[in-house]
Amino acid sequence: HPGLQIALRHAPAAEVAALVAAGDADVGVAGLYGDPPAGLVAEALADEQIHAMLPEDDSRAGRPVELAALAERPFILAERGSGLREAVLAACQRAGFSPIPLFEISDPLTVRHLVQAGLGVGVAPAAWFESPGPPVAASPLAGEDLRHRVGAITSAAGPPPAAELLLAALRDAFERPV
C-alpha cells in the first residue's frame, strides 16, 4: 500500500490510549491492564506469563518465589502509565507491600543489565527473558498468575480502512512464532 504512511511513537500505555482517544492516532499498541478508557476498545494480541527477573547467582534464581519475599529489595519497574507497571503494582499490593522503584525503565535490555548487575529485581513478561542480553534468571511467581497482555487500541467507533490493514498485519505478526 504505497500511498499509506505509518508514524511510530513510543509512549506509555496511558499516553497511547490518549492519542487514540483524541483522534491523533488510529491504532495504538500497548501493554493492557484493566479496561480501556471510555470510547476505546482493546484487542489482545499477546498474553504471556510474568516472572521475577533475578541475577543468575541469586539464591531464588529459577525457583518459584513469593512476590512478598522480594518486598525489601529495590525494584526495576516499567515507566509510569504502562500496563506492565500497573499489573506489577497491583500484584505487589495484593502481596501486602508497595515496591520501591529504584529504576523506572521499560526497555528489556536495560532491565536485564540492571538486574544482572544486582541493582534491583525486575518483574517482566516471558519475552523479556528470550530477547538478547546478559544472562538473568526467570523465577515463577508462586501463588500469583500474573499476566502481561499486549493489545491494539482503537476507537469504539471503529478504525478507518487504512488502520484495518495495520490491524490485520499486527494480528498476523503476533500469531507467527518467533
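What share of the 178 residues of the protein counts as buried? The answer is 39%, where buried means under 20% relative accessible area, exposed means over 50% and partly exposed lies in between (1.4 Å probe, protein chains only).

Before we go further, a word on what you are looking at. This is a predicted model, in which local features need pLDDT of at least 70 and side-chain atom pairs count only at pLDDT 80 or more, while totals for chains, interfaces and linings use all residues. Residues are numbered from 1 along each chain as its sequence is written, and side-chain values use heavy atoms, with hydrogens and water left out.

Let's start with the overall layout. The protein has five helices and seven strands; these are DSSP runs numbered from the N terminus, with helices (H or I) of at least four residues and strands (E) of at least two. Following the sequence, you meet them in the pattern α-β-β-β-α-β-α-β-α-β-β-α. The radius of gyration is 17 Å, close to the 16 Å that the globule rule gives for 178 residues, so the protein is as compact as a globular protein of that length. That radius is taken over C-alpha atoms, and the rule is 2.2 Å times the number of residues to the power 0.38. The C-alpha trace spans about 55 × 30 × 25 Å along its principal axes.

Now step into the strands, where two strands pair if DSSP finds at least two bridges between them. Strand S5 (residues 121-125) is a good place to begin: five of its five residues are buried. Strand S2 (residues 40-54) runs antiparallel to S5, joined by four bridges, and alanine 52 has valine 123 in S5 as its bridge partner. S3 runs parallel to S5 with two bridges, one partnership being phenylalanine 75 with valine 121.

From S3 (residues 74-77) you can move on to S4 (residues 100-104), its parallel partner over four bridges. Here leucine 77 stands opposite glutamate 104. Helix H2 (residues 83-94) joins S3 and S4 in a right-handed β-α-β unit; with the strands pointing away from the viewer, the path from the first strand over the helix to the second runs clockwise.

Finally, zoom in on serine 139, in strand S6 (residues 137-140). Serine 139 is buried, with a relative accessible area of 0%. Its contacts (heavy atoms within 4.5 Å) include His51, Ala52, Leu54 and Arg63, leaving aside residues up to four places away in sequence. A polar atom of the serine 139 side chain lies 3.4 Å from the backbone oxygen of arginine 63.

Terms used:
A polar contact is a pair of N or O atoms within 3.5 Å; within protein, one must be able to donate a hydrogen and the other to accept it, and residues adjacent in sequence count only if both atoms are side-chain atoms.
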